[in-house]
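Grab a pen and work through these exercises with the structure open next to you. Each one gives a task, then a worked solution.

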Amino acid sequence: MPGKVAKLSFWGVRGSTPTVDRATWRYGGNTPCLELITPDGGRLILDCGTGVRILGNRLAAAGDKIVDAQILVTHYHWDHIQGIPFFAPLYSPQNKFHFYSFRSEFLGRESLKRVFEAQMAHPYFPVDLSAMSATRDFTDIAGGDCFSIGDTRVTACWLNHPQGCLGFRIETPVGTIVYATDNEPGNLEYDRNLRRLAEGADVFVNDAQYTPEQLETHRGWGHSSWREGVRIAESAGVRNLVLFHHDPDSSDKTVDGVLRDARGKFENTWAAAEGMVMTLGEEHTDVVIPAGRDGLRREAHFRARVTGFTQEGKAFEEETVIRDLSLHGALIYLDHSPKLQSELQVMMENPGNGDSQRLALRGYVVRIEPGPEKDQVGVGIVFTE
């Protein structure tokens with residue numbers, strides 16, 4: 001299938017509860033939701049946390065285009081289903097959705113449908129399930145089940161998580177993606193399941209909610225760490241490890257530190273971020289990282305010339321000094337090509353009052369593109385501190 005690709009988009013990457021803290025804006029605060037467009041044009045949605053609302057708004061903006069998707073729900077904990085009532089395409093009759101998840105021992109047959117009904121029942125939500133006019137089908141699956149969606153093969157596997165959780169191995173004609181959120185290491189049977197699920201995957205999305213130290217004090221909570229993800233990635237021959245399900249209390253700086261530690265052991269590690277897109281081709285995987293949404297403020301002393309028009313429409317030009325500078329990012333040209341999501345230190349000359357001062361900044365690489373000169377690369381940076 002030459003020229004075909006699979007496109008994996010991250011719409012929600014946070015675990016347990018959504019966050020709106022400024023300290024978590026760069027990686028994002030929405031709870032789990034991924035979207036996979038397969039080489040034959042199929043659409044798979046993985047989990048329905050608050051990230052699915054953002055995806056739904058994007059799909060609804062397409063106008064009259066019919067949305068036909070297969071939705072794989074790993075389990076019924078709140079952070080993985082709480083976006084369902086706010087998924088706009090469910091309220092349009094031309095759309096079609098096929099849901100897959102397991103039969104809970106607490107809920108019985110069509111557990112996910114019953115979860116739908118319960119979370120939209122009075123007095124929890126202003127409208128009930130009847131307001132959703134899209135066609136909805138539900139299929140109960142279990143660990144060990146395999147099924148096809150077009151040219152894509154899906155295998156489900158039980159993971160170690162309270163009240164049950166499924167991991168998914170998704171094999172497309174151009175590569176394999178494994179989605180294994182919410183799993184805790186330490187149980188031999190479940191560890192073997194995860195190892196088999198991840199075998200040779202091009203992209204392995206794995207729970208990394210806790211640091212290795214935090215994991216020791218949170219046994220039984222059903223989550224993992226970057227170190228366990230690296231261990232599985234190495235033993236299973238994974239090409240790319242994606243750290244996922246960030247703790248709500250983990251700031252962007254904390255996730256940066258986790259990423260550095262993980263990359264010290266397994267180079268092809270990525271920290272999941274809202275807006276991140278991984279494109280699988282037959283021979284390679286491309287990664288696009290979103291830019292940050294906040295600027296960095298620094299005191300400065302740059303001489304500047306400003307031209308413009310007054311409120312009365314009169315042109316003006318004057319000399320001034322910039323004393324407070326808000327820095328969002330920059331595009332620089334280098335002879336070296338840094339890794340996406342790596343950190344760069346940038347030293348800028350800050351001339352003021354005849355003296356040359358230095359402004360030390362740290363940047364986060366979000367884009368790599370060809371430079372204007374041969375052997376040069378353009379590097380897009382978001383300043384972080």
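**Exercise 1. List the contacts of N95 and work out how it sits in the fold.**

Step 1. Leave out the neighbours within four places in sequence, and N95 touches K65, I66, V67, P89, A134 and T135; contact means heavy atoms within 4.5 Å.

Step 2. Place N95 in the chain: it belongs to the loop that links β4 (68-72) to β5 (96-102). Helices (H or I, at least four residues) and strands (E, at least two) are DSSP runs, numbered from the N terminus.

Step 3. Look for a polar partner. A polar atom of the N95 side chain is 2.8 Å from the backbone nitrogen of V67.

Step 4. Check the accessibility. N95 counts as buried because its relative accessibility is 3%; buried means under 20% relative accessible area, exposed over 50%, partly exposed in between (1.4 Å probe, protein chains only).

A word on the numbers before going on: this is a predicted model, with residues numbered from 1 along each chain as its sequence is written. Local features need pLDDT of at least 70 and side-chain atom pairs count only at pLDDT 80 or more, while totals for chains, interfaces and linings use all residues; side-chain values use heavy atoms, with hydrogens and water left out.

**Exercise 2. Trace the open sheet of eight strands and find its edges.**

Step 1. Read off the order: β6-β5-β4-β3-β2-β1-β14-β15, with mixed pairing. Two strands pair if DSSP finds at least two bridges between them.

Step 2. Find the ends. β6 (135-141) and β15 (285-288) each have a single partner strand, so one side of each lacks a neighbour in the sheet.

Step 3. Add the twist, which averages 20° from one strand to the next.

Step 4. Zoom in on one pair: β14 (residues 277-280) and β15 run antiparallel, joined by four bridges. Here V277 faces V288 of β15.

Step 5. Put the helix on. α2 (residues 111-119) packs on the sheet and touches β5 and β6, its direction making about 130° with that of β6. Such angles run from 0 to 180 degrees between N-to-C directions, with axes as lines fitted to C-alpha atoms, for helices over the stretch in contact.

**Exercise 3. Do likewise for the open sheet of seven strands.**

Step 1. The order is β7-β8-β9-β10-β11-β12-β13, and the pairing is mixed.

Step 2. At the edges are β7 (146-149) and β13 (269-271), each pairing on one side only.

Step 3. From one strand to the next, the twist averages 20°.

Step 4. Pick a pair: β9 (residues 166-172) and β10 (residues 175-180) are antiparallel over five bridges. R169 has V178 in β10 as its bridge partner.

Step 5. Helix α6 (residues 252-265) packs on this sheet, touching β12 (240-244) and β13, and its direction makes about 170° with that of β13.

**Exercise 4. Why is there no bond between the sulfurs of C48 and C33?**

Step 1. Apply the cut-off: a disulfide is a pair of cysteine sulfur atoms within 2.5 Å. The count comes to zero disulfides.

Step 2. For C48, the closest cysteine sulfur is in C33, 6.3 Å away, so it is too far for a bond.

Step 3. Check exposure too: C33 is buried at 0% relative accessible area, and C48 is buried at 2%.

How values were computed
A polar contact is a pair of N or O atoms within 3.5 Å; within protein, one must be able to donate a hydrogen and the other to accept it, and residues adjacent in sequence count only if both atoms are side-chain atoms.
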